There are 2 protein chains.
Amino acid sequence: MKPIAYASNQRKEVEDDQWGAIVTTITLAEELPDSAIASIDSFSHLEVVFYFHKVKEDKIIQGARHPRNNKDYPLTGIFAQRGKNRPNRIGLTTVELLEVEGRSMIVKGLDCIDGTPILDIKPVMEEFLPKSSLKQPDWTRDVMRKYWDTAQ
Amino acid sequence: MKPIAYASNQRKEVEDDQWGAIVTTITLAEELPDSAIASIDSFSHLEVVFYFHKVKEDKIIQGARHPRNNKDYPLTGIFAQRGKNRPNRIGLTTVELLEVEGRSMIVKGLDCIDGTPILDIKPVMEEFLPKSSLKQPDWTRDVMRKYWDTAQ
């Protein structure tokens, strides 16, 4: 796999929370033509697949852990949480597309740091959203409480 | 990247439509412990990141094409559509988790064929869904018309 784009924003270090106000510029990798994002502004939202490039091999969890290493949360399989220390180090977030400028997309709500390699971008279509109501455990509500805060 | 699981279902060949009734069993790769999916049944929906392993290198689109090669649809960048012939060949779909049996997850709504390698699984949380209303172009409505049909 090769990066198809790179993220650029003001967050230089990984932090748990306060991703709400972060605006990120995603710029296509040099090898790709401008036309790779032709008409992308006909969509309001994108799914961004990225690579947690700062995660060291020896930090990857193969089994279960307490989310955020907080023992108040239940022991949970790595594929039942969204933490970054996961096999294949794939990140995935739905963002709002604010603007397209040439080979760049300005997006809001991307929770990755400056310099992150992007592996794929897909347009969000209503038909791919969940078709029935969601169930999620209580610990996720607690973890997400300040995640999208707009304070910096 | 290495597969973390494999998909098994009754669809042996790629088809454009009628994915609605397909039920898929996703089974963890041998190297991973059972605990990698501990408590995953506390979620109703999962995001499944998979690899379009049947797509040949020379079929990959780097720029734009008409979705489904239909000239009635506008010329659209590969990252402004969800077609499989894309750089890095990453597929991504939100599925409903029906049941967990040991090292396997039974899911509905996964649009990949039998034997597909899975690269990641993440639980769906409401806080990661789009936070504002969606905009998408008319051609997507046409393309998606029969996509989730339950006829076989």
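The following legends accompany close-up views of a predicted model of two chains, A and B.

**View 1. Confidence of the predicted model.** The predictor assigns the complex an ipTM of 0.96 and a pTM of 0.96. For chain A, the mean pLDDT is 96, and 99% of the residues of chain A reach 70 or more. As a general caution, predicted coordinates should not be read in detail where pLDDT is low.

**View 2. Fold and dimensions of chain A.** Chain A contains eight strands and one helix, and from the N terminus on the order of its elements is β-β-β-β-β-β-β-β-α. The C-alpha trace of chain A spans about 45 × 35 × 30 Å along its principal axes. The radius of gyration of chain A is 16 Å, which agrees with the value near 15 Å for a compact globule of 152 residues. Of the 152 residues of chain A, 36% count as buried. Among the contacts in chain A with a separation of 6 or more, 72% join residues 24 or more positions apart in the sequence.

**View 3. The contact between chain A and chain B.** Chain A contributes 59 residues to the contact, and chain B contributes 59 residues. On the side of chain A that touches chain B, at least two residues come from each of β3 (45–51), β5 (76–77), β6 (90–101) and β8 (117–123). By class, this side of chain A comprises 32 nonpolar, 17 polar and ten charged residues.

**View 4. Symmetry of the two copies.** A turn of 180° with a shift of 0.0 Å along the axis lays chain A on chain B with an RMSD of 0.0 Å. This is therefore the relation of a two-fold axis. Of the interface residues of chain A, 100% are also interface residues in chain B, so the copies meet through the same surface.

**View 5. The largest nonpolar core.** This core has 68 residues. Those with the most contacts inside the core are A:V48, A:V49 and A:I118 from chain A, together with B:V48, B:V49 and B:I118 from chain B.

**View 6. Surroundings of B:V48.** B:V48 is one of the residues with the most contacts inside the largest nonpolar core. When neighbours within four places in sequence are left aside, B:V48 is in contact with B:T93, B:V95, B:L110, B:I118 and B:I121. One of these partners, B:I118, is likewise among the residues with the most contacts inside that core.

Conventions:
Residues numbered from 1 in each chain as written. Chains lettered and ligands numbered in written order. Predicted model: local features only at pLDDT ≥ 70, side-chain atom pairs only at ≥ 80, totals over all residues. Contact = placed C-beta atoms within 7 Å. Helix = DSSP H or I, 4+ residues; strand = E, 2+ residues; numbered from the N terminus. Nonpolar A, V, L, I, M, F, W, Y, C, P; charged D, E, K, R; others polar. Core = buried A, V, L, I, M, F, W, Y, C linked by C-beta atoms within 7 Å. Buried ≥ 20, exposed ≤ 12 C-beta atoms within 10 Å, placed from the backbone. Least-squares fit on C-alpha atoms with pLDDT ≥ 70 in both. pLDDT = per-residue confidence, 0-100. Rg over C-alpha atoms; globule rule 2.2 N^0.38 Å.
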